[in-house]
Protein chains: 2
Amino acid sequence: VTSHGRIEVLPVTGLPEFTTGDVLGIAICRAARIAEGDVVAISQKVVSKVEGRLRRLEDVDPRDEARRFAVELDRDPRQIELILAESAAILRAERGTLITRTRHGFVCANAGIDGSNMPGPGVVALLPEDPDASARRIRAEIRERTGRKVGVIVTDSFGRAWRVGQSEVAIGCAGLTPLDDWRGRTDAAGRPLAATLIAIADQAAAASDLARDKTSGTPVSIVRGLSHHVTADDGPGAAAIPRPESEDLFL
Amino acid sequence: VTSHGRIEVLPVTGLPEFTTGDVLGIAICRAARIAEGDVVAISQKVVSKVEGRLRRLEDVDPRDEARRFAVELDRDPRQIELILAESAAILRAERGTLITRTRHGFVCANAGIDGSNMPGPGVVALLPEDPDASARRIRAEIRERTGRKVGVIVTDSFGRAWRVGQSEVAIGCAGLTPLDDWRGRTDAAGRPLAATLIAIADQAAAASDLARDKTSGTPVSIVRGLSHHVTADDGPGAAAIPRPESEDLFL
């Protein structure tokens, strides 16, 4: 297998609406023909749904801190409460935006919580409890049904520092090298490479989003052509991606 | 044209080594069959080469500030001089890393300057002077030769705040919507969408990188399937992507 070549991104159509307890891996295998070495990219929203990570705002009792932020940011205190409960640290609370580090270590707006494509008003989805575990489970489901070795990424749309717009990134990953380490390798002339740790899982997430339709959902795409990054074991997962706090210059 | 569907990323092989004055658009049309609506993704390195944006370190005379940073960061003062000359502001200078805002407004390490895949040792490539203008020029070259309307992005590998690894982003863009604006649109149930400004050009850049080989270069890929984002006019370019300083929470 070469380290480069043609890539295809195929949206998976015809998936049902998902609800708590559904087995995503089986549904994906029913809707799509999965090939050995495919990377299956799944929007966190449907993973959260099948894992019962939905919350009704009417059931949420905001702490005092959440009420204070809600006033400051002109937001619903119950949403703020959920964000605080899912966060390990608050980075910025300005102009209506709450940027935190989630318990998983991801820095994003609103701890990844949002209310679009939910089964009812006043219902929001939290990120999966452990998106790497979700990816491993779905990988095993696909393996069991097809006998094929695939990579699985759980993806979400994150804003970025310094650049406007959201890009899809990997928040969970199994069977795919999340970061391709080129440190110590050199160019054709033997000089060090500038890019040395390639964010494969995040780039695959971004690619997967290009084939999606935000309105209808299209929560699953297949990224084909990355089998050289698909591994026999589950690997370190997206837990390898957050920069350690001690090394981060922008916390 | 639908707003989603199958995407292909095709590496362009058989390109020559480029040098100052080469016409990239013609070389790309010789090496690849370009289709209407394709997005042609070009690594900044070859754009810098044809535009004569290479510098010999032996020709660089570092200012005092560059010498001070060089000692502090244990770096070559001539490289630091080039970085300072290409930057509008210094954001961080720590642990060997100099993160600045370039004159174009991009936040990245070393003002995007690096020495890999260069024609000789002690030679480095600066980013193109105006990567949007580069993209427009190459787009016109392809248009003239093929009669086809394409999008062009000039891409570079940038590190990210909070996440380790580099991802390819767009630093120049022509004929492609850099940001797909979904603000005000709603999900199937009429609720606001969480992701409202989709970083199409950056996601296309990330996708393009998956088909590349860092060692051999493979500096050009074609992203096929985004014709619904390819525009008749050149559009705002990647200049639309840097977050305005006044709105950035992480400068």
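**Close-up views of the predicted model**

**View 1. Glu94(B) counts as partly exposed, at 32% relative accessibility.** The structure shown in these views is a predicted model. Because partly exposed covers values from 20% to 50%, the 32% of Glu94(B) places this residue in that class. The partner of Glu94(B) in a salt bridge is Arg95(B), and the closest N and O atoms of the pair are 3.9 Å apart. Arg95(B) has a relative accessible area of 55% and is therefore exposed, the class that begins over 50%.

**View 2. Asp234(B) and Arg139(B) form a salt bridge between distant parts of chain B.** The distance from N to O between the two side chains is 3.0 Å. Asp234(B) lies in the segment after strand E12 (220-224) of chain B, whereas Arg139(B) belongs to helix H5 (residues 131-146) of chain B. In sequence the two are 95 residues apart. Arg139(B) has a relative accessible area of 6% and is therefore buried, since the limit for that class is under 20%. Asp234(B) counts as partly exposed, with a relative accessibility of 27%.

**View 3. Salt bridges with shared partners join residues of chains A and B into one network.** The members of this network are Arg6(A), Glu8(A), Arg6(B) and Glu8(B). Over all chains, the structure holds 44 salt bridges. Another of them pairs Asp209(A) with Arg212(A), where the closest N and O atoms are 3.8 Å apart. Both Asp209(A) and Arg212(A) are buried. Side chains of opposite charge can pair when their charged atoms come close.

**View 4. Three strands of chain B make up an open antiparallel sheet in the order E4-E5-E6.** Strands E4 (87-94) and E6 (107-109) of chain B each have a single partner strand and stand at the edges, so one side of each lacks a neighbour in the sheet. On average, neighbouring strands are turned by 25 degrees against each other, direction ignored. Six bridges connect E4(B) with strand E5 (residues 97-102) of chain B in the antiparallel sense. Across this pair, Ala89(B) stands opposite Arg101(B) of E5(B). Helix H3 (residues 64-73) of chain B packs on the sheet, touching E4 and E5 of chain B, with its direction at about 25 degrees to that of E4(B). Helix H4 (residues 77-85) of chain B also touches E4 and E5 of chain B, and its direction makes about 135 degrees with that of E4(B).

**View 5. Ile34(B) is a member of the largest nonpolar core, which has 106 residues.** The members touching the most others are Ile34(A), Ile42(A), Ile153(A), Ile34(B), Ile42(B) and Ile153(B). Leaving aside residues up to four places away in sequence, Ile34(B) touches Ile28(B), Cys29(B), Val40(B), Ile142(B), Arg148(B), Val150(B) and Ile222(B). Another core, of 16 residues, lies apart from the largest one and includes Ala66(A), Leu82(A), Ala93(A) and Leu126(A). In soluble globular proteins, nonpolar side chains tend to be buried together.

**View 6. Chains A and B are related as by a two-fold rotation axis.** A turn of 180 degrees with a shift of 0.0 Å along the axis lays chain B on chain A, with an RMSD of 0.0 Å. The two copies are therefore related as by a two-fold rotation axis. The same surface serves both copies, as 100% of the contact residues of chain B recur in chain A.

Technical notes:
Residues are numbered from 1 along each chain as its sequence is written. Chains are lettered from A and ligands numbered from 1 in the order in which they are written. This is a predicted model: local features need pLDDT of at least 70, side-chain atom pairs count only at pLDDT 80 or more; totals for chains, interfaces and linings use all residues. Side-chain values use heavy atoms; hydrogens and water are left out. Two strands pair if DSSP finds at least two bridges between them. Helices (H or I, at least four residues) and strands (E, at least two) are DSSP runs, numbered from the N terminus. Axes are lines fitted to C-alpha atoms, for helices over the stretch in contact, and angles run from 0 to 180 degrees between N-to-C directions. Contact means heavy atoms within 4.5 Å. Copies are superposed by least squares on the C-alpha atoms of residues with pLDDT of at least 70 in both. A nonpolar core is a set of buried Ala, Val, Leu, Ile, Met, Phe, Trp, Tyr and Cys residues joined through side-chain atoms within 4.5 Å. Buried means under 20% relative accessible area, exposed over 50%, partly exposed in between (1.4 Å probe, protein chains only). A salt bridge is a side-chain nitrogen of Lys or Arg within 4 Å of a carboxyl oxygen of Asp or Glu.
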